[in-house]
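This briefing goes through selected features of one protein chain, grouped by topic. Please keep the sequence and the structure at hand while reading.

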Amino acid sequence: MAECHPVGFQWVMEAKERGAKVFHIDPRYTRTSAMADVHLPIRAGSDIVLLGALINHVLQGEHDFREYVVAYTNAAAIVSEDFRDTEDLDGLFSGFDPERGAYDPASWAYAGSERPERAERAHGGRVHAEAARPDQYGSGGASAPAEPERDETLRHPRCVYQVLKRHFSRYTPEVVEELCGISPEDFRRLAEAVVANSGRERTTAWVYSVGWTQHTVGVQYIRTASILQLLLGNIGRPGGGILALRGHASIQGSTDIPTLFNILPGYLPMPHAQVNLDLESYLRHAGAETGFWGNKRSYVVSLLKAWWGEAATADNDYCFDYLPRLTGDHGTYTTVLGQIDGTVKGYFVVGENPAIGSSGGRTQRLGLANLDWLVVRDLTLVETATFWKDGPEIATGEMRPQDIGTEVFFLPAASHVEKEGTFTQTQRLLQWREKAVEPPGDCRSDLWFFYHLGRLIRRRLLNDEIDRPLRDLTWTYPEIGPTREPSAEAVLREINGVGPDGKALSSYLELKDDGSTRCGCWIYCGVYAEDVNQAARRKPGREQSLVAPEWGWAWPLNRRILYNRASADPQGRPWSARKAYISWDPEAGAWVGDDVPDFERDKPPGYRPPPGATAQDAIAGDSPFVMQADGKGWLYAPSGLVDGPMPTHYEPHESPVRNTLYGVGSNPARRTYHRPETPYNDGVERFPYVLTTYRLTEHHTAGGMSRTLPYLAELQPEMFCEVSPELAGLTGLENGGWATIVTSRTAIEARVLVSPRIRPLRLAGRTIHQVGVPYHWGWAGGGVVTGDAANDLMPIVLDPNVFIQESKATTCDILPGRRPRGRSLLELIEEYRRE
């Protein structure tokens, strides 16, 4: 966090000064480690073992915050008799189909709940089974009974609490030492600190970033942390939570609005081509009917009205047919393989640099070389724009510029100081930024580009029926200045939403399902409340409470802590005076506190849903997790995940370590692509070392914004690899010399940094060495400094829930000296593949 999020890390340091204990768990000793109380080096890819052992420690020692757990989680829910755990099936859950490499989750349900309809039975075929269920992509709210059978004593052998206890029982301090490389003594130090700083009087926070997400079990990493935090009462309370650090100013915003293929704004699921034939069938599949997802009709209809305005009516399903449809996996890596296969003809690359910034760099470039056209919008000529003339494959002879038919359009972009608008950060906080200077020359904002591109396309449309969705779009915004820049404030107001009178809405609770309201993103409704740009507020902290509600605007409804109803006990009283945040005021008949309640303000703690209640009416007054179907935090997921209802340790797809917990080595549901363009490492003997990537403070992601700047380039001038003195001695590497790092994809060269900051780990009687590589370099990009790209080494293998790549834990070999040039490089890789 100190390396990659230094501005945010100042608050960790302030907490430490006030007595907070800071643990840093990372393969490397970094700036964060230097400021922490304790650094625990860990093998990349083994975090579920550590977190699972902490869960086991809490459960075996009965350290859980029992009142919170019974009241606010699904610990008491009874699981189906059909369910079989990894403990029963040696690493598999019940319902696994080895031919499809996928699970049927029916047996994971609660006891007595109706067996969910299997998409593949209803529609026939593998594509529908994988793509039809929106909850498989983490959107729409997973379905489950609002009132499952429960045992409040937590003694029933199939209640979630007991299932969890059995599942994590083998995750012991000894296993942590065996698979993570953390000693039992260090583990106990961590476990005791976490327990001591959790419960009624205290809370613990976990902070993570892509070190937890870029794995084939990335979603389950976060699930494991969620289970631990729920058991300890650390969700929905001040000082608690699981904080996802976002590496760019608006990564959060790009999932909210979004730039992902499988969701619509506000995490509404994308419809599927053969399942969601009309709005009614879409809504049936789009998530739970209870909890706030039960209002999904209002969210969807208001979105469709924002996009198609007067053309969207009840008679035509509010233009639901205009929406594009999923037919399967349309993620980044499938798209790239489609380019190679010739099924994807054109590509927009906006603020990205996949030629070096995505896993499997060679595969990315082979795809780009097979396009008809490529549009690159960036600040400089990044490698994605120049791959056709100076990429690595040109040097090896695999490609020739004269053979590449891709027509590349480079369109210069305005930087963040040359445009206005909002960004959304880690805290879900929308903040308005003013334009500081005009963009030079032909540089334009992304908003300008897409607005005018849409305007020009619409002008060229004929009167064909197939073009009606584009012709009917609401596409008129005020234009400002000589460049006709569309008004970002007008776009934000449209996202916020308006009522039938044309006035800005103040809350998503005002959205209607009858077409009378329009809203571009339901979770952002309120950012323009009272026709005031709430994101532009900058009231000094000294003039308001610690929650600072008048600095920017947080979705939803300016709540600064999600699920903050959990900060009070079931009766609505603060768990303790020290941790008071939101509480029930019986005289006022409302929830009060420094924050906006993440609960219906006037719903009393004693409220019980009437039979057949839906949406928020189905959530009891003592059930704080209002987006869940049952209002509870899920220790066990009866639906919504594709690789298991509970986290399980699986080894990375490429690992030098055998999974000693189960017979199943790697995540059985992971997404693999067995193609010659993207081979996998096979054999510990040839690839014996763990390889992980990381980021430097001085550079930004793939380097397009930092390698061009002399001052930053001078601070970190060369691509390097970090190895321990022991590994250097073993392989003949010299500090400051050169190393060649090899995988079955390619080999790159890097300067050697011999450092005790990354140390070997003793696992199961073996010494495992790790190699750390920053990923900021490339061969061009107008850079003052250049170097080989770390992502060229990485495999294309994905988490099955969200399709993120495993680039934080793979294997490699490392040799002294510079890599071969030209065809000699291909010969080296071919030799490794043969062996």
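**Helix 12 and what follows**

Helix 12 (residues 218–231) has 14 residues, which at 1.5 Å a residue should span 20 Å; its end C-alpha atoms are 21 Å apart, which agrees. The model is predicted. In helix 12, 14 of 14 residues are buried, so the helix is mostly covered. Gly-233, just after helix 12, has a positive phi of about 75 degrees.

**Thr-203**

- Thr-203 sits in the loop that runs between helix 10 (184–196) and strand 5 (206–208).
- Thr-203 counts as buried because its relative accessibility is 14%, and the cut-off for buried is under 20%.
- The side chain of Thr-203 makes a polar contact of 2.8 Å with the side chain of Lys-579.
- Leaving aside neighbours within four places in sequence, the contacts of Thr-203 include Gly-233, the residue with positive phi just after helix 12.
- With the same neighbours left aside, Thr-203 is also in contact with Asn-197, Ser-198, Asn-234, Arg-237, Pro-238, Gly-239, Gly-240 and Lys-579.

**His-167**

- His-167 belongs to helix 8 (residues 160–167).
- With a relative accessibility of 0%, His-167 counts as buried.
- A polar contact of 2.9 Å joins the side chain of His-167 to the side chain of Asp-85.
- Not counting residues up to four places away in sequence, His-167 touches Asp-85, Thr-86, Glu-87 and Phe-93, and also Met-646, Pro-647, Thr-648 and Tyr-662.

**Salt bridges**

- Side chains of opposite charge can pair when their charged atoms come close.
- The structure has 42 salt bridges.
- One of them joins the side chains of Arg-707 and Glu-383, at 3.2 Å from N to O.
- This pair links distant parts of the chain, 324 residues apart: Arg-707 is in the loop between strand 20 (689–694) and helix 24 (710–715), and Glu-383 is in helix 19 (residues 383–390).
- Arg-707 and Glu-383 are both buried.
- Arg-818 and Glu-749 form a salt bridge in which the closest N and O atoms are 2.8 Å apart.
- Arg-818 lies in the loop between strand 28 (810–816) and helix 26 (823–834), while Glu-749 lies in strand 23 (residues 747–754), so the pair ties together parts 69 residues apart in sequence.
- Arg-818 counts as partly exposed at 47% relative accessibility, whereas Glu-749 counts as buried at 7%.
- The side chains of Arg-675 and Glu-677 also meet in a salt bridge, at 3.1 Å from N to O.
- Arg-675 has a relative accessible area of 22% and is partly exposed, whereas Glu-677 counts as buried at 16% relative accessibility; the two fall into separate classes because buried means under 20%.
- A network of salt bridges links Glu-3, Arg-31 and Glu-698.

**Annotated region**

- UniProt lists residues 411–453 as "domain: Molybdopterin oxidoreductase", in an unreviewed entry.
- Over residues 411–453 the chain is 19% helix and 26% strand.
- The end C-alpha atoms of residues 411–453 are 12 Å apart.

Technical notes:
Residues numbered from 1 in each chain as written. Predicted model: local features only at pLDDT ≥ 70, side-chain atom pairs only at ≥ 80, totals over all residues. Heavy atoms only, no water. UniProt positions renumbered as here; feature names shortened; annotations may be inferred. Helix = DSSP H or I, 4+ residues; strand = E, 2+ residues; numbered from the N terminus. Buried < 20%, exposed > 50% of the residue type's maximum accessible area, 1.4 Å probe, protein only. Polar contact = N/O pair within 3.5 Å; in protein donor to acceptor, adjacent residues only side chain to side chain. Contact = heavy atoms within 4.5 Å. Salt bridge = Lys/Arg side-chain N within 4 Å of Asp/Glu carboxyl O. Expected span 1.5 Å × (residues − 1).
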